[in-house]
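Visitor: Please show me the structure, and then I will put some questions about it.

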Amino acid sequence: TRSPRTGSSLQLRAFGRPGVPRAYVQSITMTSSNMRGLSKFISDVRVCPNKEAEQMRVNKELAKIRGKFKSSSKLGGYDKKKYVWKMLYIFMLGYEVDFGHMEAMGLISSQKFAEKQVGYIVVAVMLNE
């Protein structure tokens, strides 16, 4: 397992990982401005006073995402994108994300370009290792 990365911003944390191009980070940054839940989550993680608080916040969010994917068989495209972006952010922080890969694959088969884009980016980053 990987240990969580340190750093004060999304760009610093993401660029610390080998093989994470700047375009991926810019996509998350641009997307988070449109998705309030994603922006709030990123803000919450960044203001955590220590690693234990960050890990508790990340675990809470992973449990929420896991529950949404299990319970809601009919999630909308917006919600799927939001939860998959959160999973990617958590993965880029260095935490283990052991679910949700099929949801990202499902976004690839969408008819909407924005959903396809998210699916391809997440699959390329998370399944690269």
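Visitor: What share of the contacts between residues at least 6 apart in sequence join residues at least 24 apart in the protein chain?
Guide: Contact here means heavy atoms within 4.5 Å. Among contacts in the protein chain between residues at least 6 apart in sequence, the share that joins residues at least 24 apart is 59%.

Visitor: On what basis are such values computed?
Guide: This is a predicted model, in which local features need pLDDT of at least 70, side-chain atom pairs count only at pLDDT 80 or more, and totals for chains, interfaces and linings use all residues. Residues are numbered from 1 along each chain as its sequence is written, and side-chain values use heavy atoms, with hydrogens and water left out.

Visitor: How many helices and strands does the protein chain have?
Guide: Helices (H or I, at least four residues) and strands (E, at least two) are DSSP runs, numbered from the N terminus. Along the sequence the pattern reads α-α-α-α-α-α-α. The count is zero strands and seven helices.

Visitor: What percentage of the 129 residues of the protein chain counts as buried?
Guide: Buried means under 20% relative accessible area, exposed over 50%, and partly exposed in between (1.4 Å probe, protein chains only). Of the 129 residues, the buried share is 44%.

Visitor: Where do the buried residues of helix H3 lie, seen down its axis?
Guide: In H3, residues 36-46, the buried residues are Leu-38, Phe-41, Ile-42, Asp-44 and Val-45. They fall within an arc of 160° (taken over the directions from the helix axis to the C-beta atoms), so they line one face of the helix. The face turned away from that buried side carries the exposed residues Arg-36 and Lys-40.

Visitor: Which residue of helix H3 forms a salt bridge with Arg-57?
Guide: A salt bridge is a side-chain nitrogen of Lys or Arg within 4 Å of a carboxyl oxygen of Asp or Glu, and the structure holds six. Arg-57 lies in helix H4 (residues 51-71) and its partner in H3, so the pair ties together parts that are 13 residues apart in sequence. Both residues are buried. At 3.2 Å, N to O, the partner is Asp-44.

Visitor: Which residues share a salt-bridge network with Arg-57?
Guide: Within H4, Glu-61 and Arg-57 are four residues apart, about one turn of the helix, and their closest N and O atoms are 2.9 Å apart in a salt bridge. Glu-61 is buried at a relative accessible area of 3%, and Arg-57 is buried at 17%. Arg-66 in H4 and Asp-98 in the loop between H5 and helix H6 (101-108) also pair, so parts 32 residues apart in sequence are tied together. Through shared partners, salt bridges join Arg-57 into one network with Lys-40, Asp-44, Glu-61 and Lys-86.

Visitor: Which side chain of opposite charge is nearest to Lys-82?
Guide: Lys-82 lies in helix H5, residues 77-93, and is buried yet has no salt bridge. Leaving aside neighbours within four places in sequence, Lys-82 is in contact with Met-35, Gly-37 and Leu-38. Lys and Arg count as positive and Asp and Glu as negative, while His and the chain ends are not counted. The nearest side chain of opposite charge, 4.0 Å away, is Asp-79.

Visitor: How far apart are the C-alpha atoms of Val-84 and Leu-38?
Guide: Val-84 lies in helix H5 and counts as buried at 0% relative accessibility. Beyond four places in sequence, the contacts of Val-84 include Phe-69, Leu-107 and Val-122. Val-84 and Leu-38 are 46 residues apart along the chain, and their C-alpha atoms are separated by 10.0 Å.
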